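Reader: I would like a close look at the aromatic rings of this model, with the geometry spelled out carefully enough to follow on screen.
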Amino acid sequence: YAAAADYPDTLRLLKTFKNLLITRTFSKIYGLAGLRAGYVIAAPETIAYLNKTREPFNVNALAQTAAAAALQDTDFVRKSRENNEAGKKYLYAEFAKLKLKYYPTEANFIFVYIGQDCAAAFQKLMDRGVTVRPMRSFGIKDAIRVTIGTPEQNQKFVAALKEIL
């Protein structure tokens, strides 16, 4: 999802740093989170080290087939990126209206301080059919991570958030 002009071109860094590992997942922009598929880009000698510890059959054939097909589906990726950008703008505006501090993102989720216990807020949101990630496990008691969804999902989240605030 990264679209910022100053986002680093990590592929160029491979020429300088032979021990660099660049990881990519199919979970987000390709919409294949349940398959747990991803890949690593690195120098051949670094990949050789990884292969020494890699479990055999670590990604099943179905996931491999889906991932290969996803790489060809540029229309889906374009639509995912457009939906994410529109969702970010909408959520940023809503957070500003609610006077909530958030961190701008290059991903498909936003970290936002909600001014109340995140575990309790998580449960209240779940009771309203909305799932977020409370940040308590990261030592932050008053913040959540919300995934940017479809316009309808984003609106449902904002309505539920307003109710619990």
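Is Phe95 buried or exposed, judged by its relative accessibility? Please set the answer among the other ring contacts.

Author: In this predicted model, Phe95 has a relative accessibility of 0% and therefore counts as buried, the cut-off for that class being under 20%. Its partner Tyr102 has a relative accessible area of 23%, which makes Tyr102 partly exposed, so the pairing of Phe95 and Tyr102 joins a buried residue to a partly exposed one. A pair of aromatic rings is described by the distance of the centres and the angle of the planes. For Phe95 and Tyr102 the centres are 5.7 Å apart and the planes stand at 45 degrees, so this pair is tilted. Phe95 and Tyr102 also belong to a cluster, in which ring pairs link them with Tyr92 and Phe157.

The structure holds 8 aromatic pairs, and another of them is formed by Phe26 and Tyr39, whose ring centres lie 5.7 Å apart with the planes at 55 degrees, so that this pair is tilted as well. Phe26 is found in the loop between strand E1 (22-25) and strand E2 (38-41), whereas Tyr39 is in strand E2 itself, so the pair ties together parts that are 13 residues apart in sequence. Here, too, a buried residue meets a partly exposed one, because Phe26 has a relative accessibility of 4% and Tyr39 one of 32%.

A contact of another kind involves Phe109, since the charged end of Arg145 sits over the ring of Phe109, at 4.2 Å from the ring centre.

Technical notes
Residues are numbered from 1 along each chain as its sequence is written. This is a predicted model: local features need pLDDT of at least 70, side-chain atom pairs count only at pLDDT 80 or more; totals for chains, interfaces and linings use all residues. Side-chain values use heavy atoms; hydrogens and water are left out. Rings of Phe, Tyr and Trp (its six-membered ring) pair if their centres lie within 6.5 Å; planes under 30 degrees apart count as stacked, over 60 as edge-to-face and the rest as tilted. Helices (H or I, at least four residues) and strands (E, at least two) are DSSP runs, numbered from the N terminus. Buried means under 20% relative accessible area, exposed over 50%, partly exposed in between (1.4 Å probe, protein chains only). A charge sits over a ring if NZ of Lys or CZ of Arg is within 6 Å of the ring centre and within 35 degrees of the ring normal.
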